[in-house]
Amino acid sequence: MSAQPLPYRIGYGEDAHRLAAGRPLILGGVEITGAERGPVAHSDGDAALHTLSDALLSGLALGDIGQYFPDTDPKWAGLNSADILRRCLELVRERGYAPANAALVVTLDTPKLGSKRAEIAQRIAGLLGLDSSEVGVSFKTSEGLAPDHIQARATILLVRL
Ligand SMILES: [Zn+2]
């Protein structure tokens with residue numbers, strides 16, 4: 001491997017949360033109104049933002065959000081996931097890289113999320129400093145294989161500034 005920094009780096013992230021009644025469902029910083037269940041989590045359980053945060057870190061081999069925001073630390077209870085993402089973006093920028101585009105896949109059986117796609121893409125784009133045309137958001141169902149979970153996966157392309 002050369003010592004020269006690469007012009008591009010790809011980051012990949014995954015996240016999953018168990019769903020329970022009486023919890024708000026927040027995805028990409030957008031509250032999904034009318035959802036009967038939401039993620040059980042130490043923070044606000046935003047699987048999309050956790051996934052994207054991990055993707056930012058993994059692109060530069062900086063570890064994962066569990067290291068920076070351990071869920072055993074009461075300091076992070078109820079933490080706004082947008083703040084996690086902002087901190088990860090800062091770590092990436094400090095190293096001379098910035099996101100060029102992101103692709104997010106969310107797997108959830110109910111409710112259907114299609115009507116929220118543009119709003120979620122817009123919000124994520126704002127957090128990452130991108131245009132919403134640079135944020136792909138795909139929705140899948142588990143076909144009943146994981147009806148009690150929300151899962152998210154994301155890739156982010158980082159470009160050297
Ligand atoms: Zn999470």
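**A tour from one loop residue to the core**

Begin by selecting Ser132, which lies in the loop between helix α4 and strand β6; helices (H or I, at least four residues) and strands (E, at least two) are DSSP runs, numbered from the N terminus. Residues are numbered from 1 along each chain as its sequence is written. The model is a predicted one, in which local features need pLDDT of at least 70 and side-chain atom pairs count only at pLDDT 80 or more, while totals for chains, interfaces and linings use all residues.

Is Ser132 buried or exposed? Ser132 counts as partly exposed because it has 17 C-beta neighbours inside 10 Å; a residue is buried if 20 or more other C-beta atoms lie within 10 Å of its own, exposed if 12 or fewer, and partly exposed in between, with C-beta atoms placed from the backbone. Leaving aside neighbours within four places in sequence, show Ala121, Gln122 and Ala125, with which Ser132 is in contact, contact meaning that the C-beta atoms, placed from the backbone, lie within 7 Å. A C-alpha to C-alpha distance from Ser132 to Ile120 should read 9.1 Å, for a pair twelve residues apart in sequence.

Next select α4, residues 117-128, whose end C-alpha atoms are 16 Å apart, in agreement with the 16 Å that its twelve residues should span at 1.5 Å a residue; the expected span is 1.5 Å times one less than the number of residues. Colour Ile120, Ala121, Arg123, Ile124, Ala125, Leu127 and Leu128, which are buried in α4. The buried residues of this helix pack against β2 (26-27), β3 (30-31), α1, α3 (81-94), β5 (97-107) and β6 (135-140). Just after α4, Gly129 has a positive phi of about 75 degrees.

Now show β5 and β6, which pair in the parallel sense over six bridges, two strands being paired if DSSP finds at least two bridges between them. The chain crosses from β5 through α4 to β6 in a right-handed β-α-β crossover: with the strands pointing away from the viewer, the path from the first strand over the helix to the second runs clockwise. Thr107 stands opposite Lys140 in β6.

Widen the selection to the open sheet of five strands, which has mixed pairing and the order β4-β1-β7-β5-β6. Strands β4 (37-39) and β6 stand at the edges with a single partner strand each, so one side of each is left without a neighbour in the sheet. Within the sheet, β1 (residues 8-21) and β7 (residues 149-160) pair in the antiparallel sense over eleven bridges, and Gly13 stands opposite Ala154 in β7.

Then select α1, residues 47-59, where 13 of the 13 residues are buried, so the helix is largely enclosed by the rest of the structure. After α1 comes Ala61, whose phi is positive, near 55 degrees.

Finish at the largest nonpolar core, which has 37 residues, those with the most contacts inside it being Ala48, Leu52, Leu104 and Ile124; a nonpolar core is a set of buried Ala, Val, Leu, Ile, Met, Phe, Trp, Tyr and Cys residues joined through C-beta atoms within 7 Å. Helix α1 gives the most to this core, with seven residues. Which residues does Leu52 touch, not counting those up to four places away in sequence? Select Gly13, Leu85, Ala102, Leu104, Ile124, Ala154 and Ile156 to see the residues that Leu52 touches.

Notes:
Contact = placed C-beta atoms within 7 Å.
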